[in-house]
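Dear colleague,

Please find below the structure that I am handing over to you. My notes on what was found in it follow directly after it.

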Amino acid sequence: MKDNPWIGLLVPEKAQRKQVLQLYLRHIKIPLKLIAFTPADILREEQRIAGLSQIGGKWVEGVFPFPAAVYNRCYNKNRSIIQRLEEVLGRGRCFNSVNWFNKWKVYALLKQSALGQYLPETVPWAQANLGKITEKHRLIFLKPAFGNQGKSVYRVELKKNGEAHISQHSLPPCSICRKNEDLKQKLLPLVDQDFIVQQGIESTLAQNCHFDIRALVQKNSRGMWTVSAKSCRLAHELYFNTSAYRRIFDANEFFSRILPLGRQRKSVLQSIDDISVKAAEVLDGPLGTLGELSADFLLDSAMNLWLVELNGKPQKCIYSDIKNFRHEALIYSRPLHYALFLAQR
């Protein structure tokens with residue numbers, strides 16, 4: 001047991017150390033030692049870490065050896081903290097080095113791959129000709145490049161009478177751009193230069209409500225990408241934002257209701273797995289060393305899949321809302337299995 005490696009859990013604040021440790025200790029069965037620490041706990045010159053661990057069933061706060069691998073649980077846009085750690089550990093020993101993804105950068109990387117056919121057309125706000133885009137697609141979404149949980153996302157639908165209806169979270173418009181008004185000027189108070197403009201997908205509905213499909217993709221104990229869980233988030237009626245969902249389901253159960261044909265259901269679910277894993281492989285490296293992400297899909301009325309978003313720090317707490325969810329231990333243990341894989345390389 002003395003040779004069990006130290007694995008670090010990097011968290012944003014000191015108050016979160018015990019909570020995060022308890023969560024992951026509950027699901028790990030492999031021989032390793034966990035330490036939770038914050039960026040301020042990194043004692044680089046001493047090559048030590050001040051943090052919290054559980055030893056012999058007791059909580060111990062102190063100074064520990066540098067971990068052999070680090071699982072980044074902070075939500076960050078740049079690699080500066082990870083670079084400080086890698087100066088001691090070596091490159092590639094810290095994963096999820098950047099997990100606050102830039103949506104435009106993600107789109108540009110995926111567009112160059114074989115996944116381009118699954119992506120809604122996307123352009124930066126600064127380059128967007130809204131007149132042409134709305135005429136072409138009739139429905140668009142404006143999203144912050146670094147947004148999350150549906151915050152500051154606007155839905156713009158061009159109606160037959162030439163009006164553009166602007167909505168946030170719910171379908172009824174919060175603002176209307178008349179036919180003789182300039183749409184971009186109308187939107188300027190709502191957006192900034194970091195926004196993207198994304199083609200809207202007329203998705204199929206379930207129970208008369210919008211839904212999306214989320215695949216949680218994680219690296220396993222051999223460093224291979226695999227899908228750990230698939231879920232469907234059902235929005236409230238007259239809402240398009242699925243982040244504030246009415247209910248969440250295991251995707252297999254949900255699809256058995258909306259796709260009664262077994263062959264079609266199996267094909268769609270397999271495609272979700274294949275696309276999600278490929279997307280993770282494309283982003284891994286250009287966005288730093290990654291160990292997990294989530295991929296969000298929509299299913300249009302013709303049952304075609306669209307990959308609409310990728311998130312670098314998946315919300316695992318949503319799975320506790322799924323009735324009889326069977327993969328809880330898996331989604332929490334896989335990152336630690338991957339950390340052990342990195343530590344032993």
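**The largest pocket and the salt bridges**

The lining of the largest pocket is made up of 17 nonpolar, 18 polar and twelve charged residues. Please bear in mind throughout that this is a predicted model.

I begin with the pocket. The largest pocket encloses about 1,000 Å³ of space, and 47 residues line it. Those that lie nearest its centre are Gln149, Arg214, Arg233, Ser243 and Gln315.

Several helices and strands may be located along the chain as you read. At least two lining residues are supplied by each of helix H1 (17–25), strand S9 (139–144), strand S13 (195–199), strand S14 (211–219), strand S17 (292–299) and strand S18 (305–311). Which of them gives the largest share of the lining? That share, four residues, comes from H1.

I turn now to the salt bridges. The whole structure holds 21 of them, and I describe a few here.

In one salt bridge, Asp296 pairs with Arg214, with 2.7 Å from N to O. This pair connects distant parts of the chain, since Asp296 belongs to strand S17 and Arg214 to strand S14, 82 residues apart. Are the two partners buried or exposed? Asp296 has a relative accessible area of 4%, so it is buried; Arg214 has 6% and is therefore buried as well. The cut-off behind this reasoning is that buried means under 20% relative accessible area. Arg214 has already appeared above, as one of the residues nearest the centre of the largest pocket.

There is also a network: salt bridges with shared partners join Lys14, Arg17, Asp41 and Glu61.

A further salt bridge links Glu121 and Lys136, whose closest N and O atoms are 3.0 Å apart. Glu121 is found in the loop between helix H3 (103–111) and strand S8 (122–124), while Lys136 is in helix H4 (residues 130–137), so this pair ties together parts that are 15 residues apart in sequence. With a relative accessibility of 29%, Glu121 counts as partly exposed. Lys136, at 57%, counts as exposed, because exposed means over 50%.

Finally, Lys159 and Glu157 form a salt bridge in which the closest N and O atoms are 3.4 Å apart. Lys159 has a relative accessible area of 30% and is thus partly exposed.

I would suggest finding these residues in the structure as you read.

With kind regards

Technical notes. Residues are numbered from 1 along each chain as its sequence is written. This is a predicted model: local features need pLDDT of at least 70, side-chain atom pairs count only at pLDDT 80 or more; totals for chains, interfaces and linings use all residues. Side-chain values use heavy atoms; hydrogens and water are left out. On a 1 Å grid over the protein atoms alone, a cavity is a set of points where a 1.4 Å probe fits but cannot get out, and a pocket is an open set with protein on both sides within 12 Å along at least five of seven lines; lining residues have an atom within 4 Å of a point. Grid points are joined across faces, edges and corners, and a volume is the space filled by probe spheres set on the points. Ala, Val, Leu, Ile, Met, Phe, Trp, Tyr, Cys and Pro count as nonpolar, Asp, Glu, Lys and Arg as charged, and the others, Gly among them, as polar. A salt bridge is a side-chain nitrogen of Lys or Arg within 4 Å of a carboxyl oxygen of Asp or Glu. Buried means under 20% relative accessible area, exposed over 50%, partly exposed in between (1.4 Å probe, protein chains only).
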